[in-house]
Amino acid sequence: MIATELTFVRHGQAQCNVDGVVGGPRTCTGLTDLGRRQMTLTAARLVSEHEANPFTHLYSGPRRRLIESGRILADTLDVPLTISNTLDGPVHGEADGKPWHEVKTSFRGGPHAHPDQPWAPGSDTWNGYLKLAGEVLADLIHNHQGARVLFAAHGETVLATHALLLDLRAGLMTSFTVDHASITHWQLHRNRFDDERWMLLRHNDTSHLTPLASS
C-alpha cells in the first residue's frame, strides 16, 4: 500500500534566474511572465491527479517566487496554501542580489564545489543546508503520515529530499537536474509485513511544458 506521497513542483522561472543573480529573501522579485505560464500549465497538469486522489496539503517557502508559484497551484486546485519559513532555500548571506558569475568565480565554483565552506560571508555551507533541510523534511514526513503533500519548492529542496530519502553521503559530487516548473514525485510504500520503502516515481518531469516550446 501507499502510505505517504510527496510531490514537489519547482517554482517557475523567476526574474533573478533571467538576470543571473542570487535571488535571496532580500532581492527576490518573483516570477517572470514565462514563469507564470509555466506554473499555470503545471497546475493544469495536476488537476486530474488531484481529482482522482486529492492533495491534502500544499506548502511553499517564503520567497516571493515560491509564494507566487504556490498561489497558482492553490487557486487551480482549490487547496489552501501554507507558507512555511522552514521550507526556504539556502541562506546566501552577502551574496544575496549579486551576480552568480561573480559569486562562483570568487568561490571557485558553486555551493557544491566546496560543500563544507560558506560560499559567501554569512551564507550556509552546502552540506549544512542539506542537513538542516533534511531535518525539516523528516519532521514534516513524520507529521504527515498518510497524506498527499504538494510543495511549491526551490530546486535545492528537491535535492535535499533526494539526499534524505536516498541516504546519499555528504560531499557526493553528483546531483540532479531540477528544471523550472518540473514535477518530482515520491511515494512511501508499506507491505503486509510493515516494511517501508520510498520509491521515486517521477523526477524533473516537464512534459506538461511542451506547449511553451512552440509559443
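Me: How much area does the protein chain expose, and what share do carbon and sulfur atoms supply?
Reply: The protein chain exposes about 10,700 Å², and carbon and sulfur atoms supply 52% of that. Accessible areas come from the Shrake-Rupley method with a 1.4 Å probe, and for residues only the protein chains shown count as cover.

Me: What kind of model is this?
Reply: This is a predicted model, where local features need pLDDT of at least 70 and side-chain atom pairs count only at pLDDT 80 or more, while totals for chains, interfaces and linings use all residues. Residues are numbered from 1 along each chain as its sequence is written, and side-chain values use heavy atoms, with hydrogens and water left out.

Me: How many helices and strands are there?
Reply: The protein chain has 7 helices and 6 strands. These are DSSP runs numbered from the N terminus: helices are H or I with at least four residues, strands are E with at least two. Along the sequence the order is β-α-α-β-α-β-α-α-β-α-β-β-α.

Me: Why call the chain as compact as a globular protein of that length?
Reply: Its radius of gyration is 17 Å, close to the 17 Å that the globule rule gives for 215 residues, so the protein chain is as compact as a globular protein of that length. The radius is taken over C-alpha atoms, and the rule is 2.2 Å times the number of residues to the power 0.38.

Me: What percentage of residues count as buried?
Reply: Of the 215 residues, 48% do. Buried means under 20% relative accessible area, exposed means over 50%, and partly exposed is in between (1.4 Å probe, protein chains only).

Me: New topic. How many aromatic pairs?
Reply: Rings of Phe, Tyr and Trp (its six-membered ring) pair if their centres lie within 6.5 Å; planes under 30 degrees apart are stacked, over 60 edge-to-face, and the rest tilted. By this rule there are 4 aromatic pairs. In one of them, F8 and F151 have ring centres 4.4 Å apart and planes at 10°, so the pair is stacked.

Me: Where do F8 and F151 sit?
Reply: F8 is in strand β1 (residues 2–10) and F151 in strand β4 (residues 148–153), 143 residues apart. Both F8 and F151 are buried.

Me: Which residues does the ring cluster link?
Reply: Ring pairs link F8, Y59 and F151 into a cluster. The rings of Y59 and F151 have centres 6.1 Å apart and planes at 25°, so that pair is stacked. Y59 lies in strand β2 (residues 57–60) and F151 in strand β4, so the pair ties together parts 92 residues apart in sequence.

Me: Is Y59 buried or exposed?
Reply: Y59 is buried, with a relative accessible area of 13%. For F151 the value is 2%.
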